Amino acid sequence: MAVHYSREVAMPFTVRLRGDVFTKAARLAGFRSDYALAKKMEINRSTVARVLSGDLNPGPAFIAGALHALAPMQFDDLFDVVRHDRDLDMQHDARLMGDSARPVA
């Protein structure tokens, strides 16, 4: 399945996690695992892992949960607003489609 992009629907900006700052803030706040942090953020542990690995951009629930769990950290401490990189998205989509074609062990 091919993924097509057009200028009309392309997002010019996106939010990216500042992973190093996020991880340090989580440890300083006393969170010793992704599970404990995810529980406080009220999201799935897999979402935390996927955002930290770069496989998923942080969505509203992740952002709100991070600001709640890591207060007094602010949005600008934990996240960057960056220009959306269409080429990276296409590489990511291709990698995901390749992963889905692998047999399950």
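Let's start in the middle of this predicted model, with its largest nonpolar core. The core has 19 residues, and the ones touching the most other members are Phe22, Leu37, Met41, Phe62, Leu70 and Phe79. Who pays into it? At least two residues each come from β1 (13-17), α1 (19-28), α2 (34-41), α3 (45-53) and α4 (60-69). Helix α4 gives the largest share, with four residues.

Phe62 is a good place to stand and look around. If you skip its neighbours within four places in sequence, Phe62 is in contact with Leu17, Phe22, Met41, Ile43, Thr47, Val48, Val51 and Phe79. Phe22, Met41 and Phe79 in that list also belong to the group that touches the most other core members.

A second viewpoint is Ala66, which sits in helix α4. Its relative accessible area is 0%, so Ala66 counts as buried, the cut-off being under 20%. Leaving out residues up to four places away in sequence, Ala66 touches Phe22, Met41, Ala71, Leu78 and Phe79. There is also a pairing with Leu37 to look at: 29 residues separate Ala66 and Leu37 in sequence, while their C-alpha atoms are 8.6 Å apart in space.

That pair takes us to the packing of two helices. The axes of α2 and α4 come within 8 Å of each other and cross at roughly 100 degrees. This makes α2 roughly perpendicular to α4, because angles of 65 to 115 degrees fall in that class. On the α2 side the meeting residues are Leu37, Lys40 and Met41, and on the α4 side they are Phe62, Gly65, Ala66, His68 and Ala69. Sorted by class, this contact has five nonpolar, two polar and one charged residues.

Now step back to the whole chain. The protein has six helices and two strands, and along the sequence they run β-α-α-α-α-α-β-α. Of its 105 residues, 25% are buried. How much of the contact map is long-range in sequence? Among contacts with a separation of 6 or more, 64% are between residues 24 or more positions apart.

Strand β1 is worth a stop too, and Thr14 is a handy residue in it. At 12% relative accessible area, Thr14 is buried, since it falls under the 20% cut-off. The side chain of Thr14 makes a polar contact with the side chain of Asn57, at 3.3 Å. Beyond its neighbours within four places in sequence, Thr14 is in contact with Asn57, Asp80, Val81, Val82 and His84.

Finally, two backbone spots for anyone checking torsions. Most residues other than glycine have a negative phi, and most peptide bonds are trans. Which residue has a positive phi without being a glycine? Glu42 does, with phi near 60 degrees. Glu42 lies in the loop between α2 and α3. Its relative accessibility is 69%, so Glu42 counts as exposed, the cut-off there being over 50%. The other spot is the peptide bond from Ala71 to Pro72, which is cis, with omega near 15 degrees. Pro72 is placed in the loop between α4 and α5 (75-78). Ala71, on the other side of that bond, has already come up here as one of the residues touched by Ala66.

How values were computed. Residues numbered from 1 in each chain as written. Predicted model: local features only at pLDDT ≥ 70, side-chain atom pairs only at ≥ 80, totals over all residues. Heavy atoms only, no water. Core = buried A, V, L, I, M, F, W, Y, C linked by side-chain atoms within 4.5 Å. Buried < 20%, exposed > 50% of the residue type's maximum accessible area, 1.4 Å probe, protein only. Contact = heavy atoms within 4.5 Å. Polar contact = N/O pair within 3.5 Å; in protein donor to acceptor, adjacent residues only side chain to side chain. Axes fitted to C-alpha atoms, helices over the stretch in contact; angles between N-to-C directions. Parallel < 35°, antiparallel > 145°, perpendicular 65-115°, else oblique. Nonpolar A, V, L, I, M, F, W, Y, C, P; charged D, E, K, R; others polar.
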